Amino acid sequence: MNKIDYNKLMEEIISNLTNKPKLLLHVCCAPCSSSVLNRLVNYFNITVYFFNPNMDTLTEYEKRMKEEINLINTLNKNLTDKINIVCCDYNSKLFYKTIKGFENCLEGGERCKKCFELRLENTCLYAKENNYDYFTTTLSVSPYKNSEVLNEIGKNLEEKHKIKYLYSDFKKKDGYKKSIELSKIYNLYRQNYCGCIFSKMGLDKK
């Protein structure tokens with residue numbers, strides 16, 4: 001069975017747009033969102049959605065959120081159609097409740113999938129309640145995130161909640177490389193772990 005080229009699928013969706021739809025873009029951090037926003041801003045009216053209850057501390061959450069806000073403010077200086085941003089309150093209890101029983105899973109395994117589902121469904125529901133045309137996430141820009149898993153979750157949520165998911169694999173076309181370059185240009189804080197305590201513990205073991 002051939003793997004789906006999610007980048008090609010996104011490009012097909014974009015090529016068939018007849019207007020500039022409203023997109024709710026879940027973001028994990030400013031560096032990852034930089035190249036994604038650069039790629040999508042000409043095709044969608046974007047609202048960035050910062051919802052990451054997996055962060056290991058409130059300090060880390062606020063640091064990444066502040067960087068995202070600063071990036072949006074910088075980008076908006078040169079944009080006619082401004083990027084909006086919605087920042088959610090930190091809620092680590094929700095994350096630990098969601099991944100209960102999967103704490104010892106390997107990084108990239110079932111625990112991560114549960115985390116993706118939590119963040120994507122919350123994004124999907126907000127998009128549905130606030131009349132967005134599409135929702136998606138920046139997570140696939142990372143070479144450490146499985147785009148097949150992310151897009152399957154998005155597909156299931158699209159069918160469940162009846163709102164369009166923008167299929168994507170943002171690491172394609174040098175998306176990750178460009179995010180590193182843009183992070184340097186904008187002097188962004190680039191963390192060295194995904195965000196949860198388990199990914200940080202894994203880093204400490206290396």
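In this predicted model, Asn 156 is partly exposed, its relative accessible area being 40%. The residue belongs to helix H6, which covers residues 147-161. A look along the chain and then through space gives a feel for where Asn 156 sits: Gly 101 is 55 residues away in sequence, and the C-alpha atoms of the two are 23 Å apart.

The next thing to look at is the sheet. Its 5 strands form an open arrangement with parallel pairing, in the order E3-E2-E1-E4-E5. Strand E3 (84-87) and E5 sit at the edges, each pairing on one side only. Going through the pairs one by one, E1 (residues 22-27) and E2 (residues 45-50) run parallel and are joined by 6 bridges. Within this pair, Lys 22 faces Asn 45 of E2. Helix H3, made of residues 58-76, packs on the sheet and touches E1, E2 and E3, and its direction makes about 165° with that of E2.

On the other side of the pairing list, E2 and E3 are parallel too, with 4 bridges between them. Here Val 48 stands opposite Ile 85 in E3. To get from E2 to E3 the chain passes through H3, and this β-α-β crossover is right-handed.

Moving towards the E5 edge, E1 and E4 share 4 bridges in the parallel sense. Leu 24 has Phe 135 of E4 as its bridge partner. E4 in turn is joined to E5 by 2 bridges, and these strands also run parallel. Phe 135 turns up again in this pair, standing opposite Tyr 165 in E5. So what do the side chains of E4 do, given that a relative accessible area under 20% counts as buried? Tyr 134 and Thr 136 point one way from the strand (residues 134-137), Phe 135 and Thr 137 point the other way, and all are buried.

Just past E5 comes a residue worth a closer look. Asp 169 lies in the loop that links strand E5 (164-165) to helix H7 (175-185). Is Asp 169 buried or exposed? With a relative accessible area of 6%, Asp 169 is buried, because that value falls under the 20% cut-off. Setting aside neighbours within four places in sequence, the residues in contact with Asp 169 are Tyr 6, Asn 7, Ser 140 and Ser 147. With Ser 147 there is also a polar contact of 3.2 Å between the side chains.

Finally, the cysteines. A disulfide is a covalent bond between the sulfur atoms of two cysteines. How many disulfides does a search of the whole structure find? The search turns up 0. Cys 28 is in no disulfide, and the nearest cysteine sulfur belongs to Cys 32, 3.8 Å away. That distance does not qualify because a disulfide needs the two sulfur atoms within 2.5 Å. Cys 28 counts as buried, at 10% relative accessibility. Cys 87 is likewise in no disulfide, with the sulfur of Cys 88 the nearest cysteine sulfur at 7.6 Å. Cys 87 is partly exposed, with a relative accessible area of 31%.

Note on methods
Residues are numbered from 1 along each chain as its sequence is written. This is a predicted model: local features need pLDDT of at least 70, side-chain atom pairs count only at pLDDT 80 or more; totals for chains, interfaces and linings use all residues. Side-chain values use heavy atoms; hydrogens and water are left out. Buried means under 20% relative accessible area, exposed over 50%, partly exposed in between (1.4 Å probe, protein chains only). A polar contact is a pair of N or O atoms within 3.5 Å; within protein, one must be able to donate a hydrogen and the other to accept it, and residues adjacent in sequence count only if both atoms are side-chain atoms. Contact means heavy atoms within 4.5 Å. Two strands pair if DSSP finds at least two bridges between them. Axes are lines fitted to C-alpha atoms, for helices over the stretch in contact, and angles run from 0 to 180 degrees between N-to-C directions. A crossover is right-handed if, with the strands pointing away from the viewer, the path from the first strand over the helix to the second runs clockwise.
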